[in-house]
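Reader: I'm new to protein models and don't know where to start. Could you walk me through one, feature by feature?
Author: Sure, let's open it up and begin with a single residue.

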Amino acid sequence: MSESTPLRLTDSHGRVATDLRISLTDRCNLRCTYCMPAEGLPWLPKDEVLTDGELVRLAGIGVEHLGIRTIRLTGGEPLLRAGLEALVAELATLRTPSGDKPGLALTTNGIGLADRADALVAAGLDRLNVSLDTLDPETFKTLTRRDRLADVLAGIDAAVASGLAPVKINAVLMRGINDHEAPGLVAWAGEKGVQLRFIEQMPLDAQHGWRRSEMVTADEIHAKLSGRFDLVEDPVDRVTRGAAPAELFRVGSTPQRVGIIAAVTRPFCGACDRVRLTSDGQLRTCLFSREESDLRGPLRAGVSDREIAERWVIAVRGKLPGHGIDDPTFLQPDRPMSAIGG
Ligand code: SAM
Ligand code: SF4
């Protein structure tokens, strides 16, 4: 590749990655059963985690040279990253070749957001997703192994008050634990004015406890909701969905929309526009990749932006066509969700 060749993150199946998901930390203050074991995980040593400067440099290479248009900050729990507001402010100074600011989004469990939402928006954050699986304090304790529902609800209120709209809420349903709450969560979301999206549970937990036969499927979720609401598929959403993973439904004649993300039973890999960077600087082309490309090593060895960009291009070229969860040969990735960045 010559220095002047413009680079794009195109894979060998014709998809172009424009959305960068960055895990800011593998640590978390909850222990959701579908994500982490009760005792937590052996966290990454500090010196292996990218510094703010390294992270902004890599994101800058993506935005300025590789066609990245949106950046989502996640984890682990991204609010645990010290100085997050300053990092967001630095990322907000990046510009695409046509002079646009990349869209900046955050996925968080909401703990601590009540005091930080306004500062994050002031720093340049454009979108907020908060995870909430239940409205019952006891079920919250069972699911996350922590008694923090009130903090999460306060975080959601602050997200709504911050003016970023729509605030999206991610919910994972677990059979026999919170699946009966699906209609109640939709009613709550309607009252709050947030967009609820149910995500099928994926095999990404560190304990390898996921069973295809036990997961609550998108069709089941749809059936549970249809018992109480008139769900109307929106033809406009279908056309404009693009790479968005959620199938969106209008709730009756209200302005409310509810999403169902059928990550396992109706994979959307064919439209995937994502690439992921772990907090220790490993590039992953899919949540389910079993291979990673090291960007931290070259970065710390002092190679040029162009060389890092070229490594990135080569990594994305090898992206597999799909995650293959339903394939009998499927193997769960070694890194759990919390260390990849959901
Ligand atoms: N800690 C933050 C949070 O919970 O929002 C950000 C990281 S978390 C890994 C990102 C999203 O992944 C959350 O909405 C969470 O519910 C979801 N998630 C975690 N493990 C999952 C699994 N096994 N299947 C489906 N979604 C999962
Ligand atoms: Fe933490 Fe998010 Fe995993 Fe729950 S889903 S344990 S909040 S990283």
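Author: This is a predicted model. Let's begin with His-208, which counts as partly exposed at 42% relative accessibility.

Reader: Why does His-208 count as partly exposed?
Author: The idea is that buried means under 20% relative accessible area and exposed means over 50%, with partly exposed in between. His-208 has 42%, so it falls in the middle class. You'll find His-208 in the loop between strand E6 (195-199) and helix H7 (218-226).

Reader: What about the backbone there? What is the phi of His-208?
Author: The general idea first: most residues other than glycine have a negative phi. His-208 isn't a glycine, yet its phi is positive, at about 55 degrees. Arg-145 also has a positive phi, near 60 degrees, and is not a glycine either. Arg-145 sits in the loop between helix H4 (137-144) and H5, and it is partly exposed, with a relative accessible area of 29%.

Reader: And peptide bonds? Is the one from Ala-165 to Pro-166 cis or trans?
Author: Most peptide bonds are trans. The bond from Ala-165 to Pro-166 is cis, with omega near -5 degrees. Pro-166 is in the loop between H5 and E5, and Ala-165 belongs to that loop between helix H5 (149-161) and E5 too.

Reader: Is Ala-165 buried or exposed?
Author: Ala-165 is exposed, because its relative accessible area is 67% and the cut-off for exposed is over 50%. Here's a distance to try in the viewer: the C-alpha atoms of Ala-165 and Gly-193 are 9.0 Å apart, although 28 residues separate them along the chain.

Reader: How do I read a helix? What span does H1 have?
Author: Compare the distance between its end C-alpha atoms with the span expected at 1.5 Å a residue. Helix H1 (residues 52-65) has 14 residues and reaches 19 Å, close to the expected 20 Å. Just after H1, Gly-67 takes a positive phi of about 80 degrees.

Reader: Which elements do the buried residues of H1 pack against?
Author: Look for the elements that its buried residues touch. The buried residues of H1 include Leu-55, Val-56, Leu-58 and Ile-61. Their partners are strands E1 (19-23), E2 (70-74) and E10 (274-277), plus helices H2 (84-91), H9 (296-300) and H10 (305-317).

Reader: Glu-54 is in H1 as well. Is Glu-54 buried or exposed?
Author: Glu-54 is buried, because its relative accessible area is 16%, and buried means under 20%. A polar atom of its side chain lies 2.9 Å from the backbone nitrogen of Thr-51. Not counting residues up to four places away in sequence, Glu-54 touches Val-49, Leu-299 and Arg-300.

Reader: Which backbone atoms does the side chain of Thr-254 reach?
Author: For polar contacts, follow the side chain's polar atoms to their partners. The side chain of Thr-254 reaches the backbone oxygen of Val-251 at 2.6 Å and the backbone nitrogen of Gln-256 at 3.1 Å. Thr-254 is found in the loop between strand E8 (247-251) and strand E9 (257-261), and it is partly exposed, at 35% relative accessible area.

Reader: Where does Thr-107 lie, and is it buried or exposed?
Author: Thr-107 lies in strand E3 and counts as buried, at 12% relative accessibility. A polar contact of 2.9 Å joins its side chain to that of Arg-72. Leaving aside neighbours within four places in sequence, the contacts of Thr-107 include Leu-73, Ser-131 and Asn-170.

Reader: Now the ligands. How many residues surround ligand 1?
Author: For a ligand, start with its shell of residues, then pick out individual atom pairs. Ligand 1 is surrounded by 17 residues, and the closest are Tyr-34, Gly-76, Glu-77, Ser-131 and Met-202. By class, this shell has five nonpolar, ten polar and two charged residues. Strands E3 (103-108) and E5 (168-172) each supply at least two residues of the shell.

Reader: Which atom of Ser-131 lies 2.6 Å from ligand 1?
Author: That's a polar side-chain atom of Ser-131, and its partner is an oxygen atom of ligand 1. A nitrogen atom of the ligand is 3.0 Å from a polar backbone atom of Gly-76. The protein covers 96% of the 540 Å² of accessible area that ligand 1 has on its own.

Reader: Which residues are around ligand 2?
Author: They are Cys-28, Leu-30, Cys-32, Cys-35, Gly-76 and Asn-109. By class, that shell has four nonpolar, two polar and no charged residues.

Terms used. Residues numbered from 1 in each chain as written. Chains lettered and ligands numbered in written order. Predicted model: local features only at pLDDT ≥ 70, side-chain atom pairs only at ≥ 80, totals over all residues. Heavy atoms only, no water. Helix = DSSP H or I, 4+ residues; strand = E, 2+ residues; numbered from the N terminus. Expected span 1.5 Å × (residues − 1). Buried < 20%, exposed > 50% of the residue type's maximum accessible area, 1.4 Å probe, protein only. Contact = heavy atoms within 4.5 Å. Near = heavy atom within 4 Å. Polar contact = N/O pair within 3.5 Å; in protein donor to acceptor, adjacent residues only side chain to side chain. Areas by Shrake-Rupley, 256 points an atom, 1.4 Å probe, with all protein chains shown as cover. Nonpolar A, V, L, I, M, F, W, Y, C, P; charged D, E, K, R; others polar.
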